[in-house]
Amino acid sequence: MRYEPLSEVYCLCHLKIKQALTMMPQNCATLSAPELLNYLLTYLYVEEQGPSALPHLDDHKVLREACLPPAIAKEDYQGKRAQLRALENVRPAHEVSADFIAAESALFALERQINPPITVDSLPNYAGFLLYQGDITKLKCDAIVNAANTSMLGCFIPGHHCIDNCIHSAAGVQLRQCCAKKMQALHRQAHVAEVIVTPGFNLPCTYVLHVTGPMVVGKLQPQDEAQLRACYEHLIATALELQVHTLAFCCLSTGVFAFPQDKAAQIAVDTCRKLQAHLQAQALTPIFCVFTAYQRALYVQALSQPD
């Protein structure tokens, strides 16, 4: 069961987004990562002053950080990069200029040259299921899962290390804009286990599948387990409809939503195994993404058990 139907309109919208990202202003290709970063920071600092205050990509004063607040201008690259993430984290889902989108995409592309995405080819295979320990935003695959809240707008805490924040930070400002438009069309908050699909934008994946898992209050209840199973069932149904071949799951509900990690791992593996015939029919390979050694050990144990 899914809530949001995929349509030809969505597919056309996705195609237009991809085409727009390839039509960058030529001057972006000649700019360095520090220059692009200076432009993006300046834009975010002055955008509240109105369209006339927005910087231009050919303004050399902007590219040389001359228009930044002194405290930010003296930061090194990593300090400025953290500031950009923080500013984008707290920024509402307002529209931005085409130059901003182009500059942000160019910056991400340059950074990917230094730290290339992780491919799935070398990941350990457990009878058709892959296991990856690391940052899900670095994984080059068809679709990744985001553990979102019911607003579906991402995390607004500057620099927060939750997966929702990390995914939105790595995708860029367009992801929040896209989520906001989808939620406005929905006219309500998302339900638990409801899947919202967006493009990946600057992520190395094609799609992001946003879902809200159950929040455990007190002792784990059968309803919590049923809702978590529904999350994986709906995500797989969505991936099959999208006809993707690799789908990376995060450890849903195991952070601040307090679902016991061992039980969550077992539910994730068991649910995928029950649907394995459907997965194999469409050559869809699940990837279980973990961040800690403890989570990895839990999945290795669950995946090593006989069906």
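Leaving aside neighbours within four places in sequence, His210 is in contact with ten listed partners in this predicted model, among them Asn146, Ala148, Met152, His168, Leu175, Cys179, Glu194, Val195, Ile196 and Thr198. His210 belongs to strand β5, which spans residues 207-211, and because its relative accessibility is 0%, His210 counts as buried. Among the contacting residues, Asn146 is joined to His210 through a side-chain polar contact of 3.1 Å.

Strand β5 forms part of an open sheet of seven strands, in which the order is β1-β2-β7-β6-β3-β5-β4 and the pairing is mixed. The edges of this sheet are occupied by β1 and β4 (195-199), each of which has a single partner strand, so one side of each is left without a neighbour in the sheet. At the β4 edge, the pairing with β5 is antiparallel and extends over five bridges, with Thr198 standing opposite Val208 of β5. Thr198 is also one of the residues in contact with His210.

At the other edge, strand β1 (residues 125-126) pairs with β2 in the antiparallel sense over two bridges, and Leu130 in β2 is the bridge partner of Asn125. Two residues lie between the strands of this hairpin, where Ala127 takes a positive phi near 50 degrees. Strand β2, covering residues 129-133, is mostly covered, with four of its five residues buried. Strand β2 also pairs with β7 (residues 285-290), here in the parallel sense and over four bridges, and the partner of Tyr132 in this pairing is Cys289 of β7.

The largest nonpolar core comprises 62 residues, of which Ile287, Phe288 and Tyr299 touch the most other members. Helix α9 (residues 222-242) gives the most to this core, contributing nine residues. When neighbours within four places in sequence are set aside, the contacts of Ile287 are Val120, Leu123, Leu130, Tyr132, Leu139, Cys141, Thr246, Leu247, Ala248 and Phe249. Apart from the largest core lies another, of 25 residues, which includes Cys28, Tyr43, Ala102 and Val173. In soluble globular proteins, nonpolar side chains tend to be buried together.

Helix α5 (residues 77-90) has 14 residues and reaches 20 Å from its first C-alpha to its last, close to the 20 Å expected at 1.5 Å a residue. The buried residues of α5 are Lys80, Arg81, Leu84, Ala86, Leu87, Glu88 and Asn89, and the elements that cover them include α2 (33-46), α4 (70-73), α6 (98-114), α7 (163-171) and α8 (173-186).

With regard to the cysteines, the structure holds zero disulfides. Cys155 is in no disulfide, the nearest cysteine sulfur being that of Cys162 at 3.8 Å, which lies outside the 2.5 Å cut-off for a disulfide. At 10% relative accessibility, Cys155 counts as buried. Cys231 is likewise in no disulfide, and the nearest cysteine sulfur, belonging to Cys250, is 9.5 Å away; because the relative accessibility of Cys231 is 0%, this residue also counts as buried.

Note on methods
Residues numbered from 1 in each chain as written. Predicted model: local features only at pLDDT ≥ 70, side-chain atom pairs only at ≥ 80, totals over all residues. Heavy atoms only, no water. Buried < 20%, exposed > 50% of the residue type's maximum accessible area, 1.4 Å probe, protein only. Polar contact = N/O pair within 3.5 Å; in protein donor to acceptor, adjacent residues only side chain to side chain. Contact = heavy atoms within 4.5 Å. Pairing = 2+ DSSP bridges. Expected span 1.5 Å × (residues − 1). Core = buried A, V, L, I, M, F, W, Y, C linked by side-chain atoms within 4.5 Å.
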